[in-house]
Amino acid sequence: MRLTDDEKAILAGEAGPARQWAIRHQMAVGQFFDAPDFVPVGQAHIMADTESLGEAGVAWLEELAALRAPERRVRVPTITDPRGLDPGSYKRLRQTDAMAAIEARAIAAFEALGVLMTNTCINYQTVLPPVRGEHLAMGDTGVVIYSNSVQGARSNFEGGPSALAAGLTGRTPRYGYHLDGHRVGTRHFQVRQRPRDLADWGALGGIVGKATNSYWEVPVVGGVESWVEGPPNSDELKHFGAALASFGSVAMFHMPGVTPEAPTPADAFAGRPAPQAVSIGAGDFEAFYAGYAAAGDKVDVVVFAAPQLSLIEMQQLAGLIDGRHIHPETSLVVTTSPEIKFAADRMGLTARIETAGGIVAAGVCFYQSYAREMAEANGWQRLLTNSAKLVNIIAGYGYKPTLASMERCIDSAVAGKIV
Amino acid sequence: MPIVLKCHRGLGPAVTGTALVAQDNFSARYDLDRLKGTFSRPAHKLCGQSYVGRILVLQTAKGGVASAWMLREMAARGLAPKAIVFDRTNTILAQGAAFAEVAIVDRFEAGDPTTLIRTGDEVRIEPDAGLVTILNRD
């Protein structure tokens, strides 16, 4: 890779051992992906919950945190993805004091590095929204796909170590979605039925994701521009993108007429001939839901998460649950970012949800917070959610997931069984 | 003559081991029981099998940024695969392998390695040279 004088100095250790580790790590990854050089980034976003860090990861962070301040502090705004545990709700979720202790160690280490503990996977809605053309080092696949596609910013999936490295050096190897050539549409889908709600948007992401199934493919999703109801909103695209990234490892999509790099289908394919479109209609949605259906089953836990809820989703949920009571044999867990939680507390939304028997957790996103241990401690197996991303990923932790709209999730939580 | 497969330059140390192959994908967070060292997602083709010390040969890495931390943590507990061979990886597993110093290669000239390498094959991985050698077959 071509290095600037500053980068050569970092590599030589002149900016301390943390930045030297960082640039070595970035060069190994950059060479793997044939990056010609580095590109400066505007923000880094670190996925580093303690469940995935483990003791080895936390001890490694603590070594960096013990360096002198000029050698350890990040060079660009660096923020965090959801944590492993919420101090305000972990006892109600039957997480342990040992989990809280390792979480506290990780937070102390990150703070010593100058990292802002935003603890959110919806930073594009709530912290500092990326802008078109801005290079970023974002962790969390849902954040990357939203930043690339909806905001026209440029990021690869950056795992925790790589995102931290980008924070420390202020740059990232220029490969993948930093380059124009990778951002051109390669697959083509035509949606015949407008999704009715957030669960449907996630289902659509799942359908397109399963069919695309590669980090290096860019699906173009047509049909949206003709809908009389208008374009999808941020929450709808959030669920669509999160599911698309989860089911297909996809980092970017175009939606002609909606996303900024594709005013028209021709723009989405950069003037190249569009591939034959795969049609997606009512039958595809029905088949997607049927893969997770469990009508009549007792429901152990209803989860609203993955991604964290926006303030608007919190209000929708509170409106559906007002004056009702969650079944005593069923738990209801809602996750959002710390900032949205403050807003929801202030506006009375948290109280409305918790009066009905729900738990509102901040700075976590359920699946990143010891999901297997929570299942065992609470006796949870059947999980109901309106997040297609969550139904895709939670089975590996021993859950049996079912997908339904927010309304049906609440009705089922009240009934104690899937209705 | 062993079978020599050329691939893109990879990452990590040269290693030799026994292959565990499936026409399926990989996510450390969603597919594995990392405490037992086995595949645990019921729909995964290797569900129930141990990956510890094996050369894993799969098609692609799936969503799940956490895998970047998890490989190092698995290696620290002695419960990591010896190397990972993909048809085409996403960025996360390459970053995670770099962090964990676990060998990883992808992009084979002869096509999808899950169709070229069989479970039980003795395989030599040389990431710097971009070579994978199947030692037990001609």
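Q: Which residue stands opposite V85(B) in strand 7 of chain B?
A: In this predicted model, V85(B) faces V105(B), a residue of strand 7 of chain B.

Q: How does the chain get from strand 6 to strand 7 of chain B?
A: The path leaves strand 6 of chain B, passes through helix 3 (residues 91–100) of chain B and arrives at strand 7 of chain B. This β-α-β crossover is right-handed.

Q: How many bridges join those two strands, and in which sense do they pair?
A: Strand 6 of chain B and strand 7 (residues 103–105) of chain B are paired over three bridges, in the parallel sense.

Q: And what about strand 5 and strand 6 of chain B, how many bridges there?
A: Five bridges link strand 5 (residues 55–60) of chain B to strand 6 of chain B, and the sense is again parallel. Within this pairing, L58(B) has F86(B) of strand 6 as its bridge partner.

Q: What holds paired strands together in general?
A: Strands of a sheet pair through backbone hydrogen bonds, in either a parallel or an antiparallel sense.

Q: Is strand 6 of chain B largely enclosed or left open?
A: Strand 6 (residues 83–88) of chain B has five of its six residues buried, so the rest of the structure largely encloses this strand.

Q: Stepping back, what is the overall make-up of chain B?
A: Chain B has three helices and nine strands. Along the sequence their pattern is β-β-α-β-β-β-α-β-α-β-β-β. The radius of gyration of chain B is 13 Å, close to the 14 Å given by the globule rule for 138 residues, so chain B is as compact as a globular protein of that length.

Q: What box do the C-alpha atoms of chain B fill, and what share of residues is buried?
A: Along the principal axes, the C-alpha atoms of chain B fill a box of roughly 40 × 25 × 25 Å. Of the 138 residues in chain B, 56% are buried. As for contacts in chain B with a separation of 6 or more, 74% are between residues 24 or more positions apart.

Q: Now chain A, please: how many helices and strands?
A: Chain A has 18 helices and 13 strands. Its radius of gyration is 21 Å, which agrees with the value near 22 Å that a compact globule of 419 residues would have. The C-alpha atoms of chain A occupy a box of roughly 65 × 55 × 35 Å along the principal axes.

Q: What share of chain A counts as buried, and what about its contacts?
A: In chain A, 56% of the 419 residues count as buried. Where contacts in chain A join residues at least 6 apart in sequence, 78% of them are between residues at least 24 apart.

Q: What is the strand order in the open sheet that contains strand 2 of chain A?
A: The order of this open sheet of three strands is 3-2-4 (chain A), with parallel pairing. Strand 3 (78–80) and strand 4 of chain A are at the edges, each with a single partner strand, so each has one side without a neighbour in the sheet. Strand 2 and strand 3 of chain A share three bridges in the parallel sense, and H45(A) stands opposite I79(A) in strand 3.

Q: Which strands make up the sheet in the order 7-6-8?
A: Strands 7, 6 and 8 of chain A form that open sheet, with parallel pairing. Strand 7 (219–222) and strand 8 (278–280) of chain A are the edge strands with a single partner each, so one side of each lacks a neighbour in the sheet. Neighbouring strands of this sheet are turned against each other by 25° on average, direction ignored.

Q: How many bridges join strand 6 and strand 7 of chain A?
A: Four bridges connect strand 6 (residues 187–191) of chain A with strand 7 of chain A, and the two run parallel. H188(A) stands opposite V220(A) of strand 7.

Q: Changing topic, how many residues of helix 7 of chain A are buried?
A: Nine of the nine residues of helix 7 (residues 141–149) of chain A are buried, so this helix is largely enclosed by the rest of the structure. Among them are V143(A), I145(A) and Y146(A).

Q: What covers them?
A: The cover includes strand 2 (44–46), helix 6 (123–126), strand 4 (137–138), helix 10 (234–248) and strand 9 (301–309) of chain A.

Q: Last topic: how many residues does each chain bring to the contact between them?
A: Chain B contributes 31 residues and chain A contributes 32 residues. Helix 1 (28–31), helix 2 (67–76) and helix 3 of chain B each supply at least two residues of the side of chain B that touches chain A. By class, that side of chain B has 14 nonpolar, nine polar and eight charged residues.

Note on methods. Residues numbered from 1 in each chain as written. Chains lettered and ligands numbered in written order. Predicted model: local features only at pLDDT ≥ 70, side-chain atom pairs only at ≥ 80, totals over all residues. Rg over C-alpha atoms; globule rule 2.2 N^0.38 Å. Buried ≥ 20, exposed ≤ 12 C-beta atoms within 10 Å, placed from the backbone. Contact = placed C-beta atoms within 7 Å. Pairing = 2+ DSSP bridges. Right-handed = clockwise from strand over helix to strand, strands pointing away. Axes fitted to C-alpha atoms, helices over the stretch in contact; angles between N-to-C directions. Nonpolar A, V, L, I, M, F, W, Y, C, P; charged D, E, K, R; others polar.
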